[in-house]
Amino acid sequence: MNTGAEKSKGSNRAKVQAFGGFLTNMVLPNIGAFIAWGILTALFIPTGWFPNEELGAIVGPAITYLLPLLLAHTGGRMVGGQRGAVMGTIGAIGLIVGSDIPMFLGAMVIGPLGGWLIKKTDEVIVDKIPAGFEMVVNNFSIGILGFLLMMFSFFVIGPIIVVANNFVTVAIEALVSTGFLPLLSLINEPAKVLFLNNVIDQGIYYPLGLQETLEVGKSIYFTVASNPGPGLGLLLAFTFFGKKVARRTAPGAIIIHFFGGIHELYFPYVLMKPITILGMIAGGMSGIMTFQLFGAGLVAGPSPGSIFAYLALTPRGNFIGVIAGVLVGTIVSFLVTAAILKADKSKETEDDDEFEASVEKSKKMKTEGKELYGAGTAVAAQPVNKIAFACDAGLGSSALGATTFKKRLKKVDMDDIDVKNYRIEDVPEESDIIVVHKNLAERARMKHPDARIVTIENYIEDSNLQDLLEELKKG
């Protein structure tokens, strides 16, 4: 049974996950715009593939105005709907004009703040508006509040963000200048498998990377947490030296991880044998060192972290360095993980549940017990019409799980059950069952306290999903 301290730690982790997910969902809908800007930069700046002064003139205004305004608009909408989106955008323009750096971090603060302000204001005045004055009050409330927020962001929030940005930039540039940038892998790799990577990736590396790209046309910051090489090396090691189920599922995970960019696929393998995180850290460090050695970088954040995204966002003259960084990360991760697996003298079992049982054991100190979430596969009291697969951003792993489970249902003539993927906060209330990774279960319970939650540990083959399928067939 979990102690109070363990539950507190779990709650804190779930809150950090939720915060990271919130940042991700501000960035994710706008990734296309970031990629468009990256392509524009790669092609038309003076060091690009086809230098063009006129088209290159779009680069600066796009990163200064377009991208921060999109982030603020999305953040405001997430909190306060369309009126929140307008408020967030109004506030962001004060940040942008009042500073001399791209205001990505500021936009991710002011957008949600603007949405929250107008949402709370509307809640207060909604029952006090005289009939016939709704439009006047609504327009002037957002106009007056927007004006005040614009001034506040110009004089207060903007300078604070500039100071914070300078502090982080100086700290990371110190790592770069001393050659210690690879040490970031000590933070990045453990954070990934605990679903905390979005906090640092979307909140720190992306803004810093975009800033540097504006200055020099590329940035190594886009590679420090997204390199698909270490994950590929780990999965290859499990393919050749893993036990039973892990060895059988790893090849499929390789395809989805490396080519599809869904890094969550390798998380259960690390959690099954936590010492393999050393292979991931070594692979991450060696990859960063290689990127540094070649002076390589990307022009935008690769999302998803697929090798295709890496190559598409590689600027001219950087392909050898980028490919070398991925390759070296793969080889080092493979060698370290293979050595760990070969040194494992535990007896190989024929039990097909070994993989899931091992993951459960390795994560016992990281997740709440089953008494908090329920057994996960108990028989439902009512017919199941809608199943929601949920994850951090509502894409990637949850989409993979939903697609795979729909195919299983179709094979047994049960495709009338609606199966869709969502981010955890967007799961519809009418969902009969919510399926999430166990490391996200507490966050799901915080948002949907009355829902039935089925926890899984492997997106390709999981005993709880098989039990759920058998339950639905019987029902």
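# Briefing: sheet, surface patch and salt bridges of a predicted chain

Strand β1 (residues 386-391) runs parallel to β2 and is joined to this strand by six bridges. The model is predicted, and the chain contains 19 helices and four strands. Of its 475 residues, 52% count as buried. The points below treat the sheet, one buried helix residue, the nonpolar surface patch and the salt bridges.

**Overall composition**

- The accessible surface of the chain amounts to about 20900 Å², and carbon and sulfur atoms account for 66% of that surface.
- When contacts between residues at least 6 apart in sequence are considered, 76% of them join residues at least 24 apart.

**The sheet**

- The four strands make up an open sheet, ordered β2-β1-β3-β4, with parallel pairing.
- The edge positions are held by β2 (418-423) and β4 (453-456); each has a single partner strand, so one side of each is left without a neighbour in the sheet.
- From one strand to the next, the twist averages 25°.
- Within the pairing of β1 with β2, K386 has D418 as its bridge partner in β2, and A388 has K420 as its bridge partner in β2.

**Burial of strand β1**

- Strand β1 is mostly covered, with six of its six residues buried.
- In a regular strand, side chains point alternately to the two faces of the sheet.
- In β1, one side carries K386, A388 and A390, and the other carries I387, F389 and C391. Both faces are covered, as the residues on each side are all buried.

**A buried position in helix α14**

- T337 belongs to helix α14, which spans residues 319-343.
- The relative accessible area of T337 is 0%, so this residue counts as buried, the cut-off being under 20%.
- Apart from neighbours within four places in sequence, T337 is in contact with L234, A237, F238, T276 and G279.

**Nonpolar surface patch**

- Seven named residues, Y65, V97, F152, F154, F155, V156 and I160, form a nonpolar patch on the surface; together they have about 670 Å² of accessible area.
- Helices α4 (59-97) and α6 (134-178) are the elements that give two or more residues to this patch.
- The greatest contribution comes from α6, which gives five residues to the patch.
- Y65 is placed in helix α4. With a relative accessible area of 40%, Y65 is partly exposed.

**Salt bridges**

- The count of salt bridges comes to nine.
- Side chains of opposite charge can pair when their charged atoms come close.
- R83 and D122 form one of these salt bridges, with an N to O distance of 2.9 Å. This pair links distant parts of the chain, since R83 is in helix α4 and D122 is in helix α5 (residues 104-125), 39 residues apart.
- Both members of that pair are partly exposed: R83 has 23% relative accessibility, and D122 has 22%.
- K192 and E189 also meet through their side chains in a salt bridge, at 3.8 Å from N to O. They are three residues apart in helix α7 (residues 185-193), and about one helical turn therefore separates them.
- Both residues of the α7 pair are buried, K192 with a relative accessible area of 4% and E189 at 2% relative accessibility.
- A further salt bridge joins D426 to R423, whose closest N and O atoms are 2.8 Å apart.
- In this pair the burial of the partners is unlike: D426 is partly exposed at 42% relative accessibility, whereas R423 is buried with a relative accessible area of 12%. The cut-off for burial is under 20%, so R423 falls below it and D426 does not.
- R423 and D426 are also members of a network of salt bridges that links R423, E425, D426 and R443.

Notes:
Residues numbered from 1 in each chain as written. Predicted model: local features only at pLDDT ≥ 70, side-chain atom pairs only at ≥ 80, totals over all residues. Heavy atoms only, no water. Pairing = 2+ DSSP bridges. Axes fitted to C-alpha atoms, helices over the stretch in contact; angles between N-to-C directions. Patch = residues over 30% accessible without salt bridge, like charges linked within 9 Å, V, L, I, M, F, W, Y side chains within 5 Å. Areas by Shrake-Rupley, 256 points an atom, 1.4 Å probe, with all protein chains shown as cover. Salt bridge = Lys/Arg side-chain N within 4 Å of Asp/Glu carboxyl O. Buried < 20%, exposed > 50% of the residue type's maximum accessible area, 1.4 Å probe, protein only. Contact = heavy atoms within 4.5 Å.
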